[in-house]
2 protein chains.
Amino acid sequence: MKAILIIADGLGGRPTDQGGETCLEAARTPHLDELAARGALGLVDPIAPGVRPGSDTAHLSLLGYDPHVIYTGRGVFECLGIGMDVKRGDICFRANFATVTPNEGKFIVKDRRAGRISSGQEELAKTLNSISLEKSLAVEFEFRPSTQHRGALLLRGDGLSRYVTENDPHKIDAEALDFKPMDGHDDEGTCRTAAALNELVTRSYEILHDHPVNRERERAGEKPANYILARGASDLPHLDPIAAVYGVSGAVIAGGALYRGIALACGMEVRDAPGATGGLDTDLRSKAKTALAALETFDYVFIHVKGTDNAGHDQDAAGKTAFIERIDAELIAPLMKGVDWKETHLAITGDHTTPIDYGDHTAEPVPILYVGPNVRSDSTSVFGEREAGRGGLGRWSGKVLPILLNYNNRAPKFGS
Amino acid sequence: MKAILIIADGLGGRPTDQGGETCLEAARTPHLDELAARGALGLVDPIAPGVRPGSDTAHLSLLGYDPHVIYTGRGVFECLGIGMDVKRGDICFRANFATVTPNEGKFIVKDRRAGRISSGQEELAKTLNSISLEKSLAVEFEFRPSTQHRGALLLRGDGLSRYVTENDPHKIDAEALDFKPMDGHDDEGTCRTAAALNELVTRSYEILHDHPVNRERERAGEKPANYILARGASDLPHLDPIAAVYGVSGAVIAGGALYRGIALACGMEVRDAPGATGGLDTDLRSKAKTALAALETFDYVFIHVKGTDNAGHDQDAAGKTAFIERIDAELIAPLMKGVDWKETHLAITGDHTTPIDYGDHTAEPVPILYVGPNVRSDSTSVFGEREAGRGGLGRWSGKVLPILLNYNNRAPKFGS
């Protein structure tokens, strides 16, 4: 049997979204509604009731893990997601180019995103990566750019520690902070990690501020990418790969690096869908096509779509509603046509609520739909938050993929 | 007040069981339906959402314990269930007679069940138990037969350990395995436990292969019971007895040794119902009668019925449906007549789903019914999976007995 898991990021909404309805309730979704009629709905708390999820922790929980136990931070997923080879003990960060001016040995942050730089990042990174840190630190590093100013940073060396603070002041015209050991972590490895990071960002200014790419940017009136901000220190989480626990092979189709990185950490393989951007402009038909192709070789496929969350953060109700309608027409419809429903179970849900009024994640439970031959159907016939509250599956926390794989008779037995 | 807990093993089903209905939905159950109309339904995840339960772990969870914390393995419940006196530190196994042929110091398993031997087991066991293990091991043991080839094995000695592998290869014509310390458990006690087990099974062949019972079996063309296979190493779980927590006395009525053993471990007393077999042929009216008698002296009674699970494992939809109809007519009906409903609460549920198509346990939540004077009734009027999804009790995990005893005002207060 085959399984499809679809997570629409930030899918959940509030009645304030669209004249008393959530965006999902306001959207015309005939295909999702047909699946609701054939399957069953419920409400899932992505992590636990009242816990407001990050995207990373929510995904870990929906995939079957306890983020309170295994989560070490976001950086490691960013590194994995953009293709870096993360080994146990490596310390990973979300990192990005920024614009600073030096001031008495410190750096004043003038733009946290270096004017959203859109070209030359590879050349800057190559120069940056040519730095050799002080030998006694015994630390190697790699910075890898992803989109615009964004990238990831990886430190490698014996005994390094993720218990370091960040250097991003999260304010303009503020001093970049020193990396420091977190309270209670003044051991040699943590101090050395912080020292390596401090040396790295100081030297990033020295080597980047006069770089040809930046000289060109300044000539064009653009802000130079002359500094590195890093946050989300983390290392590889200790988790049992999904394949080892359930005996199934899985592929991820996601535009966003974070989601690819989480899926890689759980042991999935990445399948690239041409035109998948991780944004509202993503090619959903391409994702459906890639998923159907992946299902020929993999036991399950995890499809992530990000546009719902982007529109929520942008407080764009019409955009979120329209994107949900596109999910219905361009992702769900082709999947419905393409799979063998006698042999396939599908689940669709969100990783959290991103209400329009608030523009950020909130903790309400999100609607979830399961459909397939082993699912006991209920009396619901519309895919939406309130209908899900009447669904036959009730309400629970996380574990969406384990429950999906159980329908495929792939859950390991606990006890005998 | 009195309480009755009925667990129908493997009660839950899937829509593929019986032409779109589960066996429970397809069964005619007028008495259960009347209780549903008077009481309230919900869905219970025996252990947790997405966790596929064993019967032992599920029962511990439904009785109020966290099997992730207290479960040590199945053997201890088998030993308790067939009446062995298990003390703290004893190492217990599910064990059974098998047929082997010797081969260069090893044993090739020809039949894992010794031709399902049905007589002479007591004599074989008596001979087996006459073995004295090598003095330096300081280990005593007892093997006790139960039904057919089945039995239980108990080791006693200072410092023994349950962290040993099993000798059952789970295949025919394969070598019986050596007992070994599990990875990470190479301490003296574990090594000595494994050595005692290896000596015991080797000597079981020496002492049994030419035993009069086996000579007679071979003359009759039957396979000799000339070896012992043991698995499920475990010791007494650390748990607070139900009586200590809730201040109530309880009795168990169950045909299967495992269920009697679990109930004993939780502090219940066994009441034997004549004709209770742990199978589809069990005498349910006798169980009802025994339960009603037990309720005269005990605060609650736990009735276990196994036939639902047996039919599920045998992929026998008609058999499962018919057995559920028998539960309704021969167990529920007499209980309904026999108890004082002003003073009694009753709960009925399953310990897991055993769908016909799959023939083994799966992780879906199971329907649960509570009825009695303190239960807030809902609008349901049929006892079935889908109706339970509309029930007023919602969905939760485990703790079925604590909730039942709470209706009897017997739950301890946490905090003040």
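A residue counts as buried when its relative accessible area is under 20%. That cut-off is needed at several stops below. The model is predicted.

**Stop 1: Lys306(B) and Asp9(B)**

Select Lys306(B) and Asp9(B) in chain B. Their side chains form a salt bridge, with N and O 3.5 Å apart. The two residues come from distant parts of the chain, 297 residues apart. Lys306(B) sits in the loop between strand 12 (300-305) and helix 12 (307-313), while Asp9(B) sits in the loop between strand 1 (2-8) and helix 1 (23-26). Lys306(B) has a relative accessibility of 16%, so it counts as buried. Asp9(B) is buried too, at a relative accessible area of 0%.

Now move to chain A and select Asp9(A), Lys306(A) and Asp309(A). These three residues are linked in a network of salt bridges.

**Stop 2: Asp235(B) and Arg162(B)**

Return to chain B and select Asp235(B) with Arg162(B). The closest N and O atoms of this salt bridge are 3.3 Å apart. Asp235(B) is in the loop between strand 9 (227-234) and helix 9 (242-246), and Arg162(B) is in the loop between strand 7 (150-156) and strand 8 (174-175), so the salt bridge ties together parts 73 residues apart in sequence.

**Stop 3: Ile303(B)**

Select Ile303(B), which belongs to strand 12 of chain B. Is this residue buried or exposed? Its relative accessibility is 0%, so Ile303(B) counts as buried. Show what surrounds the residue: leaving out residues up to four places away in sequence, Ile303(B) touches Ile4(B), Leu5(B), Ile6(B), Ile7(B), Ile253(B), Lys287(B), Ala291(B), Leu331(B) and Leu335(B). For a distance across the chain, pick the C-alpha atoms of Ile303(B) and Gly415(B): they are 32 Å apart, with the two positions 112 residues apart in sequence.

**Stop 4: Phe97(B) and Gln121(B)**

Select Phe97(B) in strand 4 (residues 91-103) of chain B. Phe97(B) is buried, with a relative accessible area of 0%. Add Leu229(B) to the selection: Phe97(B) and Leu229(B) are 132 residues apart in sequence, yet their C-alpha atoms are 6.5 Å apart.

From Phe97(B), step across to Gln121(B), which lies in helix 6 (residues 121-128) of chain B. Beyond its neighbours within four places in sequence, Gln121(B) contacts Phe97(B), Pro145(B) and Gln148(B). The side chain of Gln121(B) also reaches the backbone oxygen of Ile117(B), at 3.2 Å. With 10% relative accessibility, Gln121(B) counts as buried.

**Stop 5: helix 2 of chain A**

Switch to chain A and select helix 2, residues 30-38. Which residues of this helix are buried? They are Leu32(A), Asp33(A), Leu35(A) and Ala36(A). Turn the view to look down the helix axis: the buried residues fall within an arc of 160 degrees, so they line one face of the helix. To see what that face meets, add strand 2 (40-45), helix 13 (317-338), strand 12 (344-350) and strand 13 (366-371) of chain A, against which the buried residues pack.

**Stop 6: Glu216(A) and Arg219(A)**

Stay in chain A and select Glu216(A) and Arg219(A). They form a salt bridge whose closest N and O atoms are 2.9 Å apart. Both residues belong to helix 8 (residues 212-219), and being three residues apart they are separated by about one helical turn. Glu216(A) is partly exposed, with a relative accessible area of 45%. Arg219(A) is exposed, at 61%.

**Stop 7: between chain B and chain A**

Show both chains. The contact involves 34 residues of chain B and 24 residues of chain A. Together the two chains bury about 2,300 Å², with 51% of that on carbon and sulfur atoms. On the chain B side, select Arg14(B), Arg52(B) and Arg395(B), which lose the most area to chain A and together make up 27% of what that side buries.

How many salt bridges are there between chain B and chain A? The count is one. Select Asp360(B) and Lys413(A) to see a salt bridge with its closest N and O atoms 3.1 Å apart. The two chains also have 16 residue pairs in polar contact. Strand 3 (52-53), helix 3 (55-62), helix 4 (67-70) and helix 14 (385-389) of chain B each give two or more residues to the side that touches chain A. By class, that side has 11 nonpolar, 12 polar and 11 charged residues.

To end, show the salt bridges over all chains: the count is 51.

Technical notes: Residues are numbered from 1 along each chain as its sequence is written. Chains are lettered from A and ligands numbered from 1 in the order in which they are written. This is a predicted model: local features need pLDDT of at least 70, side-chain atom pairs count only at pLDDT 80 or more; totals for chains, interfaces and linings use all residues. Side-chain values use heavy atoms; hydrogens and water are left out. Buried means under 20% relative accessible area, exposed over 50%, partly exposed in between (1.4 Å probe, protein chains only). Helices (H or I, at least four residues) and strands (E, at least two) are DSSP runs, numbered from the N terminus. The arc is that of the directions from the helix axis to the C-beta atoms. Contact means heavy atoms within 4.5 Å. Buried area is the accessible area (1.4 Å probe) that two parts lose on being put together, summed over both. A salt bridge is a side-chain nitrogen of Lys or Arg within 4 Å of a carboxyl oxygen of Asp or Glu. A polar contact is a pair of N or O atoms within 3.5 Å; within protein, one must be able to donate a hydrogen and the other to accept it, and residues adjacent in sequence count only if both atoms are side-chain atoms. Ala, Val, Leu, Ile, Met, Phe, Trp, Tyr, Cys and Pro count as nonpolar, Asp, Glu, Lys and Arg as charged, and the others, Gly among them, as polar.
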